[in-house]
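Here is a set of short exercises to work through with a model open beside you. Try each task yourself before reading its solution.

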Amino acid sequence: MPSIDFILPHWLYWGTLIVFPVVAMVMARRRQTTGYSLPIGYMILVTGGLLGLHRLYMRNLWGVLYLPVFLAILVANAQERSAREVQSEASNLVKTAERVIERAEPRVSGAEEKLAQLRAELDAAEEGTFAEKRAERMLEKEQDAIKAAETRLEKARTDLETARPELMQAGEARAMWSNVAFGAFLVICAFMALDALLLPLLVRSARERLRAQDHPPADADPDSLEAIEAQAAARLEAIEHEKVSGDFANVGTGWTGAIDRLSYYSGEFVSYWAVIAVFAYYFEVVARYVFNSPTIWVHEGMFLMFGMQYLIAGAYAALTDAHVKVDVFYAEWSPLRKAVVDLFTSIFFFIFAGTLLVTGWIFAMDATVVDEVSFSEWTIAYWPFKWAIAVGAVLLILQGISKLASDVATVRNSLQGA
């Protein structure tokens, strides 16, 4: 299989984080009358075509054919990686054995000459003298060294005889499995190329099938699969509409309403980053397990993105009352009692949000001054992520001010009504 050496440019990363949510927000507000979109179909073909997701998106079961071919790629690549490990170990063993043989053979081949010379020195030394003892030690030392060299040489020759066939077999297995994976990949590419031409027809057929489900004949079976799918789709759309309407119901009017809308739209904006993460991690899985080319930038870019999402979406969570809390008693209280308690606890809220703003500002300024970047090969700049701390704190403080004004109005109206 060919490898992937792609590293995401910084401008494309930031451009995607800005442009994709805007496009998604516009598309979410457009009423989809046909049920299936040709642009979305092509997008899924490009991003998830290896798994046949474009056909499954249109409920076309021919997309299932992609799965065994894709599974064959994964299995072949796993076998190729195993063969590569065996090849690497055998190659290291061969190189080590060759080095040992290269060094030990001259030592062993010249052993007799060296030993004869040391024995002659021993015989020439006067008995009982220091020279005799020294000659004996030198002879014993040389004999031990030669014996060790012979042992290493024998082991090296044995390892070489064993490792060379393993190296050859592993190389052949690696080439075979690589060809299998590449062949399966070409099959999927052919499927995708054909579907790229057929996609308009597939979308048209899916739309006609959907219209038939929306307007079934009078004698249609209400328990049929098509009828159940139509009911489920209608129910899902109603639930989504109810959820969106329920969240937007928290938006007030006047100047506090302007703050609420800022919190709402900023939260909606960053929520679409989760979709980007799906595409990014899908690319990582394909690059790692199909092309044996794992990346660094996907994981780093996504956890930094999720950090910004967590910070910026805090105001949205405060607006919709989605923060985790223990409200065993609070939930049953009257609006007036809730407002009074919220006014008191807002002191702690503003202490936290103010501390977050100050520390975030310090972190962001320091990172901007030194142009801090990551330590990975991606070298993404860190200062935009740290400015997200300050931006999230500002949004949180503004939403806290809006909530404070709402609580004050609740208390004032209750007192005036009394």
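The exercises below concern this predicted model, each with a worked solution.

**Exercise 1. Find where the salt bridge between aspartate 195 and arginine 55 sits, and decide whether its partners are buried or exposed.**

Solution. Start with the general idea: side chains of opposite charge can pair when their charged atoms come close. Next, check the distance: between aspartate 195 and arginine 55 it is 2.8 Å, N to O, and the cut-off for a salt bridge is 4 Å. Now place the partners. Aspartate 195 belongs to helix α6 (residues 130–214) and arginine 55 to helix α3 (residues 53–57), so the bridge ties together parts that lie 140 residues apart in sequence. Last, look at the surroundings: aspartate 195 and arginine 55 are both buried. This pair belongs to a structure with 9 salt bridges.

**Exercise 2. Work out which helices are tied together by aspartate 342 and lysine 403.**

Solution. First confirm the contact: the closest N and O atoms of aspartate 342 and lysine 403 are 2.8 Å apart, and the two form a salt bridge. Then locate each end. Aspartate 342 is in helix α12 (residues 335–370), while lysine 403 is in helix α13 (residues 383–417), so parts 61 residues apart in sequence are tied together. Now compare each accessibility with the cut-off: buried means under 20%. Aspartate 342, at 16% relative accessibility, counts as buried, and lysine 403, at 37%, counts as partly exposed.

**Exercise 3. Place the salt bridge of glutamate 372 and lysine 386, then say which residues form a salt-bridge network.**

Solution. Begin with the pair itself: the side chains of glutamate 372 and lysine 386 meet at 3.0 Å, N to O. Glutamate 372 is in the loop between α12 and α13 and lysine 386 is in helix α13, so this pair ties together parts 14 residues apart in sequence. Both ends are partly exposed: glutamate 372 has a relative accessible area of 26%, and lysine 386 stands at 24%. For the network, follow the shared partners: they join Asp342, Lys403 and Asp407.

**Exercise 4. Identify the residues of the nonpolar surface patch and place phenylalanine 363.**

Solution. The patch covers about 710 Å² and is made by Val358, Trp361, Ile362, Phe363, Met365, Val369 and Val370. Pick out phenylalanine 363, whose place is in helix α12. With 46% relative accessibility, phenylalanine 363 counts as partly exposed.

**Exercise 5. Examine the phi angles of aspartate 321 and aspartate 371.**

Solution. Recall the background: most residues other than glycine have a negative phi. Aspartate 321 has a positive phi, near 60°, and is found in the loop between α11 (314–319) and α12. Aspartate 371 also has a positive value, near 55°. Its place is in the loop between α12 and α13, and at 46% relative accessibility aspartate 371 counts as partly exposed.

**Exercise 6. Set the UniProt feature at residues 101–159 beside the model.**

Solution. The record, an unreviewed UniProt entry, gives these residues as "coiled-coil region". Turn to the model for secondary structure: over residues 101–159 the chain is 90% helix and 0% strand. Then check the ends of the segment, where the C-alpha atoms are 11 Å apart.

Notes
Residues are numbered from 1 along each chain as its sequence is written. This is a predicted model: local features need pLDDT of at least 70, side-chain atom pairs count only at pLDDT 80 or more; totals for chains, interfaces and linings use all residues. Side-chain values use heavy atoms; hydrogens and water are left out. Helices (H or I, at least four residues) and strands (E, at least two) are DSSP runs, numbered from the N terminus. Buried means under 20% relative accessible area, exposed over 50%, partly exposed in between (1.4 Å probe, protein chains only). Patches are made of residues with over 30% relative accessible area and no salt bridge: like charges are joined within 9 Å, nonpolar side chains (Val, Leu, Ile, Met, Phe, Trp, Tyr) within 5 Å. Accessible areas come from the Shrake-Rupley method with a 1.4 Å probe; for residues, only the protein chains shown count as cover. UniProt positions are given in the numbering used here, feature names are shortened, and annotations may be inferred rather than shown by experiment.
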